[in-house]
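Thank you all for coming; I would like to walk you slowly through one structure today, and I will begin with its charged pairs before turning to a helix. Please have a look at the view on the screen before I start.

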Amino acid sequence: MPQLIWLVTGCSSRFGQEFVHETKLSHLEETRAAIFDLDVTSPQTETDEKVKQAIAIYDHIGVPVNNAGCCQMGLAEETDRVTLNTTLVSSIAVTTAIAPHFRFRRRGTVAFTSSIFGIGTFRTIILDSSKMTRPVSQNEDYEPTLGLLERVEMYSGKQPGDPIFGTKRMVDVFKGEGKAERIMVPVRIAIGADAVVLIKKKCEEMLGVVEEWQDPSSSTNVGNLHTDIEQN
């Protein structure tokens, strides 16, 4: 297939770095790769401008990889705006910026890296104590949760996944090559053996819930109308 033009956010840490290496952008003096300083929490207008600059250099972008993110090992009530903006809102901003370009070209693939429900535990620095926000609450009501967070931090450097292989699999998916050759790519795909196990278990649990609650959950239609899903 033709060479893809990639736009990868969050290139200062392991997965972003591996994307750069795997897509042949590592030796800047020997390639046409360009580096942009982009604060993914910037206003939408700044993100739009950076994407326009990238398109101007390469004429188009084929795959924006929303990889930027940070880890807050804490309580839901302590989630800060920076974490949300970096991990969630930034992906929306980049996708919003690239959407008009994709519409014009009538093609393009948007990629998102995710939590363990999409990407398993890989040996990156995300759990390193210097890289994540710790909870400040010492409320005894949260003692079990705080103990769990401490155990998670001890897991840093012991994750089973290799970021190099994880990135290779993701690039295979985008290119339709290697392990992903001749396979229809779904909207979401698990990367990592532990992610596969966890997602399978969660889906089985959810199917059990659906079966148990089928009658009360389904008794909401007007009259005796059936849904298209039921008819099919």
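R182 forms a salt bridge with E181, the closest N and O atoms being 3.5 Å apart, where a salt bridge means a side-chain nitrogen of Lys or Arg within 4 Å of a carboxyl oxygen of Asp or Glu. R182 is exposed, at 79% relative accessible area, whereas E181 is partly exposed at 40%; buried means under 20%, exposed over 50%, and partly exposed in between, with a 1.4 Å probe and protein chains only.

I should say that this is a predicted model, in which local features need pLDDT of at least 70 and side-chain atom pairs pLDDT 80 or more, while totals for chains, interfaces and linings use all residues. Residues are numbered from 1 along each chain as its sequence is written, and side-chain values use heavy atoms, without hydrogens or water.

By this rule there are two salt bridges, and the other pair to show you is R169 with D172, at 3.3 Å from N to O. These two residues lie three apart in helix α5, residues 163-175, and so are separated by about one helical turn; helices are DSSP runs of H or I with at least four residues, and strands are runs of E with at least two, numbered from the N terminus. R169 is partly exposed at 30%, but D172 is buried at 13%.

Let me turn to helix α3, residues 81-105, where V89 is found. The helix bends by about 45° at V89, the bend being the angle between axes fitted to the seven residues ending there and the seven starting there.
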